Amino acid sequence: MALLVAVASSELLLAIQGEGNTLFATFLNTIERIISVASSPGNTRILIFSIMIGALLAYIRESGGVAATVNMLMNKGIAKSKRQVGFLTMFTGIAVFIESNLSVLTSGIVSRGLFDKFKMSRARLAYIIDSTSAPVCILILLNGWGAFVLGLLGNYELSESAVSILWGSVGYNFYAIITLVIVFYTIAFDKVHGPMKEAEQKLELQKTDLKEEVKGSKARYMLVPLLTLIVSMVGFMFYTGNGVLAEGSGSKSVLYATVLAIVVAYALMISSRQFTHHQLVDTGFKGMGELLPLVSIVLLSLTLGASLKELGTGVFVASLVGDYLPIYLIVPVLFLTGAVMSFTTGTSWGTFAILIPIGVPLIQELGLPPSLVVGAILGGGIFGDHCSPISDTSAVSALASGCDLLTHVKTQLPYALFGGALTFIAYLVTSIIVL
């Protein structure tokens, strides 16, 4: 409801600038905006992928694959404690750095059952996978994120090549580095704070039901579809990028890989002769139905981002940087500007696209270190994305972990704000030293 009101408010502001009945135009334009967002190929792929994940999760759950994998990991000593489970989750997210949604999804699927077994909240799981995926993708850069930023930087004449500036920004991307350190601390010391601590305490007070919903069968019912998802994702990235991994389409690849994983899960279950075709179709649709509320949130989040773009919210926020700042404040303010833009529009990539054309002329005119400026812009985009309830990454993290979206945002916010505050100080100190 909050998202719908926000979209309508945005469309009302746009309608006031037009002619005719403002309220009637607001009503019609809100509907048309949702339709235009849904008709975008990239957005449609995200929406279909978000629904199809429900079928995949239902298949691996009902097959007994999740319970069997949890038991196997515990028996082999890979996941015998909270710390081991946490590090397994973080490692999975780091290993799958090809695409942020795939990283979140893989980590979430692997760890859901383990977190339940050790009485750790789904909010903690959502935090770990969300705070691992984007920072890792923007630090490793051998993916679509790196290709996108390279494309933006390639339009300008600079003293260094776009590639050397981008790789140099890794060391200056303080937010991504600090966020990963905080995740490591949370896992290593098994410490949670603020609203997340309250979520964990509520979970501990609940009675533990040792009876499994679905009896464990074979771990392959989970591991084979999951492996299919990861391997085919890499393959489809090469395919959609015409042989170049970094130029592949993330939205296409993750959708194709998800559909293929569902087909493999279906084939495994039907070949076991324990399930009929009708049962599996029923299971798949029930799984998709479970995620419809979250998919609606993703749709409205994308719609609000489109409305705010039409209003020029991002450009307005960027203009607040101004021309009269002391030189040592420019980089910290660019970081904060990126955070506010990403928070209000729900997109880090859109933030990069607006702020890099503003940051590069500052590099050229004032002689600022290119990698420091780019690192601040990239870090700001991810910081705002972590705080934003309308970010698609937040929605997919909640979806993958089985956590309520608002609970995920509320429990992650103190961690993101703490990391953001440390990052601002780091940029301020670095700017004073370097400039």
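What percentage of the 435 residues of the chain count as buried? In this predicted model the figure is 52% of the 435 residues, and I would like to keep that in mind as we go through the fold, the charged pairs, the aromatic pairs and then the surface.

Let me start with the overall picture. The chain is built with 21 helices and zero strands. Its radius of gyration is 22 Å, close to the 22 Å given by the globule rule for 435 residues, so the chain is as compact as a globular protein of that length. If you turn the model along its principal axes, the C-alpha trace spans about 70 × 55 × 50 Å.

Now to the charged side chains. In general, side chains of opposite charge can pair when their charged atoms come close, and in this structure the count comes to eight salt bridges. I will take three of them, beginning with arginine 61 and glutamate 290, whose closest N and O atoms are 3.4 Å apart. This pair links distant parts of the chain, since arginine 61 sits in helix H3, residues 41-62, while glutamate 290 sits in helix H14, and their positions lie 229 residues apart in the numbering. Arginine 61 is partly exposed, at a relative accessible area of 26%, and glutamate 290 also counts as partly exposed, at 48%.

The second salt bridge joins arginine 124 and glutamate 200, at 2.9 Å from N to O. Arginine 124 belongs to helix H7 and glutamate 200 to helix H11, residues 195-205, so this pair ties together parts of the chain that are 76 residues apart in sequence. Are these two side chains buried or exposed? Arginine 124 counts as buried, with 5% relative accessibility, and glutamate 200 counts as buried as well, with 3%.

The third salt bridge is a local one within a helix: aspartate 282 pairs with lysine 286, with the closest N and O atoms 3.9 Å apart. Both residues lie in helix H14, four residues apart, which is about one turn of the helix. Here aspartate 282 is partly exposed, at 43%, whereas lysine 286 is exposed, at 55%. Besides these pairs, there is a network of salt bridges that links Glu11, Arg33 and Glu310.

Let me move on to the aromatic residues, where the structure holds 12 aromatic pairs. One of them is phenylalanine 148 with tryptophan 349, and because their ring centres are 4.6 Å apart and their planes meet at 20°, the pair is stacked. The two residues come from distant parts of the chain, phenylalanine 148 from helix H8, residues 144-153, and tryptophan 349 from helix H18, 201 residues apart. Phenylalanine 148 is partly exposed, at 25%, and tryptophan 349 counts as partly exposed too, at 31%.

Another pair is tyrosine 175 with phenylalanine 383, with centres 5.2 Å apart and planes at 45°, so this one is tilted. It also links distant parts of the chain, with tyrosine 175 in helix H10, residues 174-188, and phenylalanine 383 in helix H19, residues 370-387, 208 residues apart. Tyrosine 175 is buried, at 1% relative accessibility, and phenylalanine 383 is buried at 9%. Both residues belong to a cluster in which ring pairs link Tyr172, Phe174, Tyr175, Phe335, Phe383 and Tyr427. A charge also meets a ring in this model, where arginine 220 lies over the face of tyrosine 221, at 5.5 Å from the ring centre.

Turning to the surface, there is a nonpolar patch with about 990 Å² of accessible area together, and its members include Ile327, Tyr328, Leu366, Phe418 and Leu435. Two elements give two or more residues to this patch, helix H17, residues 327-345, and helix H21, residues 405-434. Helix H21 contributes the largest share, seven residues, and phenylalanine 418 lies in that helix.

I will end with two backbone details. Most residues other than glycine have a negative phi. Lysine 119, however, has a positive phi near 55°, and this residue is found in the loop between helix H6, residues 100-117, and helix H7, residues 122-140. Arginine 273 likewise has a positive phi, about 65°, although it is not a glycine. Arginine 273 is found in the loop between helix H13, residues 250-271, and helix H14, residues 277-290, and its side chain belongs to an exposed residue, with a relative accessible area of 77%.

Terms used: Residues are numbered from 1 along each chain as its sequence is written. This is a predicted model: local features need pLDDT of at least 70, side-chain atom pairs count only at pLDDT 80 or more; totals for chains, interfaces and linings use all residues. Side-chain values use heavy atoms; hydrogens and water are left out. Buried means under 20% relative accessible area, exposed over 50%, partly exposed in between (1.4 Å probe, protein chains only). Patches are made of residues with over 30% relative accessible area and no salt bridge: like charges are joined within 9 Å, nonpolar side chains (Val, Leu, Ile, Met, Phe, Trp, Tyr) within 5 Å. Accessible areas come from the Shrake-Rupley method with a 1.4 Å probe; for residues, only the protein chains shown count as cover. A salt bridge is a side-chain nitrogen of Lys or Arg within 4 Å of a carboxyl oxygen of Asp or Glu. Rings of Phe, Tyr and Trp (its six-membered ring) pair if their centres lie within 6.5 Å; planes under 30 degrees apart count as stacked, over 60 as edge-to-face and the rest as tilted. A charge sits over a ring if NZ of Lys or CZ of Arg is within 6 Å of the ring centre and within 35 degrees of the ring normal. The radius of gyration is taken over C-alpha atoms; the globule rule is 2.2 Å times the number of residues to the power 0.38.
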